[in-house]
Amino acid sequence: MTLKLSDIPGHEGFAAPVLPGGELARSGSAFTRTFIGYQAACSCGWADRRRFPPSPQGAKEAEEQWYKHTGPLLAAAPPNWLVIKSNLLCEQVANLTGDRPLAALTLLAQVEAWQRALLDRAVAAARAGGASWSQVGDAMGISKQAAHERFRDAEPV
Ligand SMILES: [Zn+2]
């Protein structure tokens, strides 16, 4: 069974059969071969180290491990409805830029002002909540060093 969560595309989880050599079978064809257990795996390349028995219960337990993999990912995933609104705003401002560039500039300056303040606030809140610089960087698509250098002054006191 493939496990999916709509807020984290690119992560499809499954209980991968473990072959006698210890490698994980990635396709359904493995079910015709001998396997010695199940381990959780994800289409992103993540694989759990814990091995569960080669039984329906073992498969279920492996699948539960995948949900643990998704926890931090979901914490950093914005809701789909908000991503759609953000993409729509971007598209409409791009259209405005073509039609009325000065109006687009006025709007973009306003967005930049609240975006910077909200970014500092979100980093401070994430750090206060226990997020590491690595997690902050991952959420923004930058390195942990870059996140630290850029936001170290936003550290909660
Ligand atoms: Zn994944």
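Trainee: What share of the contacts in the protein with a separation of 6 or more comes from residues 24 or more positions apart?

Mentor: Residues 24 or more positions apart account for 37% of those contacts, and please keep in mind throughout that we are looking at a predicted model.

Trainee: Okay, and how many helices and strands does the protein have?

Mentor: There are five helices and two strands, and if you read along the sequence you meet them in the pattern β-β-α-α-α-α-α.

Trainee: Which way do β1 and β2 run, and how many bridges join them?

Mentor: Strand β1, covering residues 13-18, runs antiparallel to β2, and six bridges join the two. To place yourself in that ladder, look for C42 of β2, which is the bridge partner of G13, and then for P17, which stands opposite Y38 in β2.

Trainee: Are the residues of β1 buried or exposed?

Mentor: Six of the six residues in β1 are buried, and this holds for both faces, with G13, A15 and P17 on one side and F14, A16 and V18 on the other.

Trainee: What about β2, which residues point which way?

Mentor: In β2, G37, Q39 and A41 point one way while Y38, A40 and C42 point the other way, and all of them are buried. That strand, residues 37-42, is accordingly described as mostly covered, with six of its six residues buried.

Trainee: Switching to the whole chain, what percentage of the residues is buried?

Mentor: Of the 157 residues of the protein, 27% count as buried.

Trainee: And how does the radius of gyration compare with that of a compact globule?

Mentor: The protein has a radius of gyration of 22 Å, whereas a compact globule of 157 residues would have one near 15 Å. Taken along the principal axes, the C-alpha atoms fill a box of roughly 65 × 40 × 20 Å.

Trainee: How much accessible surface is there, and what part belongs to carbon and sulfur?

Mentor: The accessible surface comes to about 10,400 Å², and 57% of that belongs to carbon and sulfur atoms.

Trainee: What about charges, how many positive and negative side chains are there?

Mentor: The protein has 16 positive and 15 negative side chains, and the centres of these two sets lie 3 Å apart.

Trainee: Now E61, where is that and what does it touch?

Mentor: E61 is found in helix α1, which spans residues 56-75, and, leaving aside residues up to four places away in sequence, it touches F52 and P53. Its C-alpha atom is separated by 8.5 Å from that of A40, a residue 21 positions away along the chain.

Trainee: Why does E61 count as partly exposed?

Mentor: E61 counts as partly exposed because its relative accessibility is 26%, and the partly exposed class lies between the buried limit of under 20% and the exposed limit of over 50%.

Trainee: Last one, where does A117 lie, and how far is it from G21?

Mentor: A117 lies in helix α3, residues 101-128, and its C-alpha atom is 53 Å from that of G21, with the two residues 96 apart in sequence. A117 is partly exposed as well, with a relative accessible area of 47%.

Definitions and conventions: Residues are numbered from 1 along each chain as its sequence is written. This is a predicted model: local features need pLDDT of at least 70, side-chain atom pairs count only at pLDDT 80 or more; totals for chains, interfaces and linings use all residues. Side-chain values use heavy atoms; hydrogens and water are left out. Buried means under 20% relative accessible area, exposed over 50%, partly exposed in between (1.4 Å probe, protein chains only). Helices (H or I, at least four residues) and strands (E, at least two) are DSSP runs, numbered from the N terminus. Two strands pair if DSSP finds at least two bridges between them. The radius of gyration is taken over C-alpha atoms; the globule rule is 2.2 Å times the number of residues to the power 0.38. Contact means heavy atoms within 4.5 Å. Accessible areas come from the Shrake-Rupley method with a 1.4 Å probe; for residues, only the protein chains shown count as cover. Lys and Arg count as positive and Asp and Glu as negative; His and the chain ends are not counted. The place of a charge is taken as NZ of Lys, CZ of Arg, CG of Asp or CD of Glu.
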